[in-house]
Each structure stands twice: as structure tokens, then as C-alpha cells.
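Please walk through this structure with me, one region at a time. Keep the sequence and the 3D view side by side as you read.

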Amino acid sequence: MKLMIITNNPTRASFRLRIEDHLDFLEKEGIRSTVFALPKKTADRWKIFRQASGYDALLLHRKCLNIWDWWFLSRHCPPVVFDFDDAIMHSSTKPESDRTSHYRLFKRTAEKATAMIAGNDNLAGYARKYCDRVHVLPTGLDVPAYFVPDTKKPDDRVRLVWIGSRKTLPYLAEIRPVLEQIGAENKNVVLRIIADRFFELENMEVEQRPWSLEGQVRDLRECDIGISPLPDNRFTRGKCAFKMLQYFATSLPVVASPVGTNRTFLEESGAGLLASTPAQWKEAILTMVADMDGWRKKGEGGRHYVRRFDKPDIARELARILKTATDR
């Protein structure tokens, strides 16, 4: 089977985790892939679309096409499988509106696609409005790679940790007042941020760890409590909560907002506490700080839970979906 893969940005984490990490496995399953980055100029995009007739299927990652691109692509097009792991049908600034270009582009793409792959049930619900063949496939991770038994903590302080990017850092910033209160009352609590941008706190030390593929596991394993705050709206309910899986894989108990997949993961794993209000966030974190031995044991439950998201199993299901996409 020859597979054309088109993505807007092959360097983004979503593409690496959902597609690139599985290419070797797909090759072993007889699926030979060629990856194309989608150019900005229409003429350059159409040069790529013209090649689609030489493939058995096209995997379109996250990028919704405009009406003219679909018109041209349909002239050369094999079955199209669309993969997405975020609420791309909503604007992050206007999440409650369906009258945005985001929603129109998503609707058209879902109507044109042969099949769709959604990162969670919430996203799949949108896809099913317009597409008959929708699969739910979570983002996988290399679970064994997160277990480094000889990792030693720098000291005896309790480390809260958040991993993310500059785009999602504002979600962490929403609980800054809570962190300031905890830091003022508990000098043994530290916040570690693993990202490409950081902020400081007045009452709590902030350890800045620039994210790297090689260093993220070590930086996580040196910590004690993972945190995942999210505002509650239609955009954030589509989040696939990958950081939660990373916390689980490193046996960290987690405090998280009860939003979308966050809630699902914590309720099913039992490896943490949900918190909505500032008072609940403070109580949940301090509850864990006061009984770290007990919560470390519960964090081990998260490590057992995360095994269902191990990369080989996800790759096997992706191969199955792609092979069945050609069955019209």
C-alpha cells in the first residue's frame, strides 16, 4: 500500500507523536509512506495534489483545506483519511461560536473525507456529524522509555511539575494565585516548568527546564506531582491530555481540571484529584504534599493505566484503519 501523508507542519509535536513515530511500523505492515509539507502557495499545493493519483490513500494531518484545494484534489484523489487531535473546528478566542472560518473549514473537510481519526471521543462527536467512518485513536507514547529507575531527586523538596509550550502556558498562569498562596505557606514546595517559555513566582521557586526530547523524561521523573489546569470551554474540551499520560508514565500523581479527557483519565486511573476552583486546587495540592508516600503509590496506578496507550498498540490500530480506508 502506498500512502501519501500531507501535514501543515512536519516539525510540530502532534505530527511526530501521531504520525512520524509510527512510520517504521507502518513500513513493516506493508504501508510505504511519503510525507509532504503543505506549501502556502496554491500553485505549489496543487503540484503535490496532482501526485495523489499515484497513491492508494492520502492521510491528511490536522490541516483543513479550502474549497478550491478540495476541488483540485478531488480530480486526483485516492481515499482521504483525516487525522486530528485538537478542537480545530473552534477558534481558541471564540470557542462558543460555530460561525468562524475554523468551523466552516472543518465541516467541509469532514464531509469530503473518506474516514476521520479523532484523538478522543469529544472530537469524534464533531466528526460524526459529517462523516460516516470515524475512528477514535488516542495519541500514543513510548511507555517503557519513561521508566528510568535510577533517577534521583535533586533534594527533599516537593516538586510540582507542568509540561507544555508557550501556547498553553496561559492555562498554567490561571492558577498563579494558588501557587503563590501555597509557596507563601510551604517553603518546601517548588514548581518546575518544562516548556519553551516560563514565568516567575514571588513566593515559590520556579525551576525552568527548556523542553527537549532527550531531557523531558529525566526532568519529569525528578518531580512529585503533575498538574494540568484547563479553563472549561469547547476548545479545551477537545484537548487530548497528552501531558497527563506523560505524568502517568513517570508514576506521578496528578491534580487536574475536570475538563474533557483530563476528567476521563483521572476517573479511570484513580491516580489523582480533580480541582475546579482556586480553593479546590489549593486543597488538592496540599493534600498530596501532606501524604507524598501515599500519593506516590497511587501514582503507580497511573503507570499501569497508561500501558493501554503504548506506542506499538496505537501504531497497530493506525495501520488497521489505513488499510480499511481503501475499502469503499
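**Loops, helices and cores**

Ala 241 sits in the loop between β10 (225–228) and α10. The model is a predicted one. Although Ala 241 is not a glycine, its phi is positive, at about 55°. Is Ala 241 buried or exposed? Its relative accessibility is 9%, so Ala 241 counts as buried.

A second residue with such a backbone angle is Ser 251. Its place is the loop between α10 and β11 (254–256). Ser 251 is not a glycine either, yet has a positive phi of about 65°. Its relative accessible area is 10%, so Ser 251 is buried.

Now take helix α10 itself. It covers residues 242–249 and gives 6 residues to the largest nonpolar core, the most of any contributor. That core has 54 residues. Which residues have the most contacts inside it? They are Leu 191 and Phe 248. Follow Phe 248 outwards. Leaving out residues up to four places away in sequence, Phe 248 touches Val 254, Phe 265, Leu 266, Ser 269 and Ala 271 among others. Its list of contacts also includes Gly 299, Gly 302, Arg 303, Tyr 305 and Val 306. Another core lies apart from the largest one. This other core has 38 residues, among them Ile 6, Leu 38, Phe 106 and Ala 124.

Two of those names, Ile 6 and Leu 38, come back in the contacts of the next two residues. Start with His 61, in strand β3. With a relative accessible area of 0%, His 61 is buried. Beyond residues up to four places away in sequence, His 61 touches Ile 6, Thr 7, Asn 8, Ser 14, Phe 15, Ile 19 and Asp 83. His 61 and Val 81 are 20 residues apart in sequence, and their C-alpha atoms are 8.4 Å apart.

Move on to Lys 63. It lies in the loop between β3 (57–61) and α4. Is Lys 63 buried or partly exposed? A relative accessible area of 29% makes Lys 63 partly exposed. Its contacts, not counting residues up to four places away in sequence, are Asn 8, Leu 38 and Phe 82. Asn 8 thus appears in the contacts of His 61 and in those of Lys 63. Lys 63 is 20 residues from Asp 83 in sequence, and the pair is 8.7 Å apart in space, C-alpha to C-alpha.

The loop of Lys 63 leads to α4, so turn to that helix and its partner α3. Two packed helices are described by the angle between their axes and the distance between the axes. The axes of α3 (residues 42–50) and α4 come within 9 Å and cross at roughly 30°. That angle makes α3 roughly parallel to α4. The crossing is right-handed. From α3, the contact uses Thr 42, Arg 45, Trp 46, Phe 49 and Arg 50. From α4, it uses Trp 68, Asp 69, Trp 71, Phe 72 and Leu 73. By type, the contact residues are 6 nonpolar, 1 polar and 3 charged.

After α4 (67–74) comes a loop that runs to β4 (80–84), and His 76 lies in it. What does His 76 contact, its neighbours within four places in sequence left aside? The contacts are Phe 49, Arg 50, Ala 52 and Ser 53. Phe 49 and Arg 50 also belong to the α3 side of the helix contact. The relative accessibility of His 76 is 18%, and the cut-off for buried is under 20%, so His 76 counts as buried.

One more helix pair remains. The axes of α8 (residues 176–185) and α12 (residues 278–290) come within 9 Å and cross at roughly 40°. The two helices are therefore oblique to each other. Here too, α8 passes α12 in a right-handed crossing. Val 178, Gln 181, Ile 182 and Glu 185 make the contact from α8. Pro 278, Trp 281, Lys 282, Ile 285 and Leu 286 make it from α12. These residues divide into 6 nonpolar, 1 polar and 2 charged.

Which residues of α8 are buried? They are Val 178, Leu 179, Glu 180, Ile 182 and Gly 183. The elements they pack against are β7 (158–163), α7 (169–173), β8 (189–195) and α12.

Terms used
Residues numbered from 1 in each chain as written. Predicted model: local features only at pLDDT ≥ 70, side-chain atom pairs only at ≥ 80, totals over all residues. Heavy atoms only, no water. Helix = DSSP H or I, 4+ residues; strand = E, 2+ residues; numbered from the N terminus. Buried < 20%, exposed > 50% of the residue type's maximum accessible area, 1.4 Å probe, protein only. Contact = heavy atoms within 4.5 Å. Axes fitted to C-alpha atoms, helices over the stretch in contact; angles between N-to-C directions. Parallel < 35°, antiparallel > 145°, perpendicular 65-115°, else oblique. Left-handed = near helix turned anticlockwise from the far one by under 90°. Nonpolar A, V, L, I, M, F, W, Y, C, P; charged D, E, K, R; others polar. Core = buried A, V, L, I, M, F, W, Y, C linked by side-chain atoms within 4.5 Å.
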